[in-house]
Each structure stands twice: as C-alpha cells, then as structure tokens.
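The questions below deal with helices, buried residues and surface in one structure. Each answer ends on the value or name asked for.

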Amino acid sequence: MSKLARVSLPKALAYRGGQPMIAWLLHRISGIGIVFFVSMHILAAFFLYSVESTSTTGLVSDALTAFYEALPMQVFMLFAVLFHAINGLRIVVLDMFPALWKYNREAMWVQWAVFLPMFLLPAALMIMRVQI
C-alpha cells in the first residue's frame, strides 16, 4: 500500500509545463475562442435576417451583437486570431522540416517576438479608441 504524499496544495497545483505547454494551451483556447466568436456572429445574423422579426428575436440578436462588438471581445479576438495563426505557422514549419524540432524553444521565442508587436500595437490603439 502506498503512502500519502505530503505535498501542500499550492505546490501540487503549481504549473510545471514550461513554454511548450503554455503555447499548446493558448493555441487550444484561441481556437475555441475563434469558433465561439464565429458561432455567435452566425447566430446573431440568423436571428437578425432569417427569423420573422419579433421583440424576442430582436433582443437576442441585439444582445449577441452587443457582446461580440464589445471592446474586450474585440481585443480577445485580435489576440486569438493572431496567436492561433502565428503559432500554427510555427508548427507547420517545424512539421515540414523535422530537423528543426531541436530548435523548438528558439522558434517559440521568435514566435513571441513576432506576435507581441503585432498584437500590442493594435490592441493599444483599440483601447485608446484611435481612428486610423
């Protein structure tokens, strides 16, 4: 019979996956976020144009539209689309050239170096409401 481990809760829940696991997790979250956003967009359009106009369908359409047009959702979508695309490109390049897998960590740093300016500048402009 095994002994119980004497590990504190914070130590047991501590993240030990490193940078590859964070990239994997963010890739999944961004993909789910994109599917969620597109689904809401389609539902809002469906309720707006396809269903006979009633007060209930108008409210549903307006609520969905207000949610996906809100600034936090727009900034999240910018993050999700850019991160998913750039991380996907890194994965495709490494899959096409298997000899480069030994440089996976370096490729992740390049990915972040490309992603952060592409995300932070437009996000800052969106938050400051700058019209271009």
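Q: Against which helices do the buried residues of H5 pack?
A: Helices here are DSSP runs of H or I of at least four residues, and strands are runs of E of at least two, numbered from the N terminus. Buried means under 20% relative accessible area, exposed over 50% and partly exposed in between, with a 1.4 Å probe and protein chains only. Contact means heavy atoms within 4.5 Å. On these terms, the buried residues of H5 pack against H2 and H4.

Q: What kind of model is this, and from which number does residue numbering start?
A: This is a predicted model, in which local features need pLDDT of at least 70, side-chain atom pairs count only at pLDDT 80 or more, and totals for chains, interfaces and linings use all residues. Side-chain values use heavy atoms, with hydrogens and water left out, and residues are numbered along each chain as its sequence is written, from 1.

Q: How far apart are the end C-alpha atoms of H5?
A: The expected span of a helix is 1.5 Å times one less than its number of residues. H5 covers residues 104–127. Its 24 residues should therefore span 34 Å, and this agrees with the distance between its end C-alpha atoms, 33 Å.

Q: Which residues does Asn104 contact, leaving aside its neighbours within four places in sequence?
A: Asn104 is found in helix H5. Asn104 counts as buried because its relative accessibility is 14%. Leaving aside neighbours within four places in sequence, its contacts are Arg90 and Leu94.

Q: Which element gives the most residues to the largest nonpolar core?
A: A nonpolar core is a set of buried Ala, Val, Leu, Ile, Met, Phe, Trp, Tyr and Cys residues joined through side-chain atoms within 4.5 Å. The largest has 11 residues in all, including Leu26, Val75, Phe83 and Trp112. The elements that give two or more residues to this core are H4 and H5. With six residues, the one that gives the most is H4.

Q: Which residues does Phe119 touch, not counting those up to four places away in sequence?
A: Phe119 is one of the buried residues of H5, and it belongs to the largest nonpolar core. Not counting residues up to four places away in sequence, Phe119 touches Val75, Leu78, Phe79 and Leu82.

Q: How far does H4 reach from its first C-alpha to its last?
A: H4 runs over residues 71–96, which makes 26 residues. The expected span at 1.5 Å a residue is 38 Å, and close to this is the reach of H4, 37 Å.

Q: Is Ala23 buried or exposed?
A: Ala23 lies in helix H2. Not counting residues up to four places away in sequence, it touches Phe83, Asn87, Arg90 and Met108. Because its relative accessible area is 3%, Ala23 is buried.

Q: How far apart in space are Ala45 and Ser30, C-alpha to C-alpha?
A: Ala45 is placed in helix H2, and Ser30 is among the buried residues of H2. Ala45 counts as partly exposed because its relative accessibility is 33%. Ala45 and Ser30 are 15 residues apart in sequence, and their C-alpha distance in space is 22 Å.

Q: How does Ile22 count at 38% relative accessibility?
A: Ile22 has its place in helix H2, residues 18–50. Because its relative accessibility is 38%, Ile22 counts as partly exposed.
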